[in-house]
Amino acid sequence: MEKLIDSYGRQIRYLRVSLTDRCNFRCIYCSPADKVFHFIEHEEILRFEEILEIAQAAAEMGITKIRLTGGEPLVRKGVIDFISQLSQVNGLEDISMTTNGYYLSEMAHSLRSAGLNRVNISLDSLDRRKFKRITGFDGLLKVLRGIETALQEGLIPVKINVVLLKGINDDEVENFIKLTIDKPLAVRFIEFMSTNRQLQETNEGRFISAKVILERIMDKYPDAHSVTAEKGCGPASYYQLPGGQGMFGFITAISQHFCSRCNRIRLTAEGNLRPCLLNDRELELKKRLREIPQSQTELRKDAIKSLLKEAVLSKPISHRLGSGEKDVTNFDMSQIGG
């Protein structure tokens, strides 16, 4: 097996796939309703059949883990059948999804039956009015039901992703941590990343360091102790309250990079390979694939593998966001999936 190893010796085993740039929410840091956003045309979205081809080729090169993202992946029609086919790809050991959780209460059972292993649920507030302010949608109660359903269906570990927004939800950290006392949840506080120039005014001053939040927590809960995360818990550093069923952690993409152990590349909804989330370089995989007839299966596979290898070799040693440099990146998170 030819392994995907970048120029700095990091082996790439993880592929994040954005299924769509569409979403039923309009979060203030992604695609708020008061801003004009142009969605990708339907024919330009990567087809499920093409994603399956890419996944098979990637698995033959050592990719063992795929995460499905969006926008909101559950708004795309046919996603259950697609996951069922994806779960049959030889070499894949783990299929997960990042979702806003709104449709989980009715879809969790089918997702689990199709072969999905676990879910990350984006949830930035436990207050109904604040949730609506952040997402543009009054959907908190339904998301909370979705979390309960995911736990019941065994889509574990169930991880809750909380983007820290200074002056908006940083006063809710303790309430999120309390969720980990009685429920086996992994709550992760994620530093806000300003990536879209169109939203800079909207999100000015929203960054708050995870270090500041951790100091607050340790003052409140001095008995909280660091723990080793289970499989699938990613780059977060984790802590646990005494007797807690779950744990809470921090993803410090800005204040403390974890690029040295990055093991992932991304496939955008438009069909481009993105070696680094916070670097604008992309390789046009879909364009190349659609130049080759469907009947030329080996030629198509060779093209996929060649571009995967090129993408991995072009991974930078680290991103520059938070370095003080201006305009280092500009993109819509909804098209890439975070």
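Modeller: Two strands pair if DSSP finds at least two bridges between them; strands (E, at least two residues) and helices (H or I, at least four) are DSSP runs, numbered from the N terminus. This is a predicted model, where local features need pLDDT of at least 70 and side-chain atom pairs count only at pLDDT 80 or more, while totals for chains, interfaces and linings use all residues. Residues are numbered from 1 along each chain as its sequence is written, and side-chain values use heavy atoms, with hydrogens and water left out.

Colleague: Thanks! Which residue in E8 is the bridge partner of Val227?

Modeller: Strand E7 (residues 225-227) and strand E8 (residues 237-240) run antiparallel, joined by 3 bridges. Within E8, Val227 is partnered by Tyr238.

Colleague: And which residue in E9 stands opposite Ser237?

Modeller: E8 pairs with strand E9 (residues 247-251) over 3 bridges in the antiparallel sense. The two form a hairpin with 6 residues between them, and Gly243 in the turn has a positive phi of about 80°. Across from Ser237, in E9, is Phe250.

Colleague: How far apart in space are Ala186 and Ile160, C-alpha to C-alpha?

Modeller: Ala186 sits in strand E6 (residues 185-191) and is buried (under 20% relative accessible area, 1.4 Å probe, protein chains only), at 2%. Its contacts (heavy atoms within 4.5 Å) beyond four places in sequence include Ile160 and Tyr238. Ala186 and Ile160 are 26 residues apart in sequence, yet their C-alpha separation is 6.1 Å.

Colleague: Lovely. Which contact do Phe189 and the list of Ile251, Gly249 and Phe250 leave room for, at position 248?

Modeller: Leaving aside neighbours within four places in sequence, Phe189 touches Val162 and Phe176, among others. At position 248, the residue in contact with Phe189 is Phe248.

How values were computed
Buried means under 20% relative accessible area, exposed over 50%, partly exposed in between (1.4 Å probe, protein chains only).
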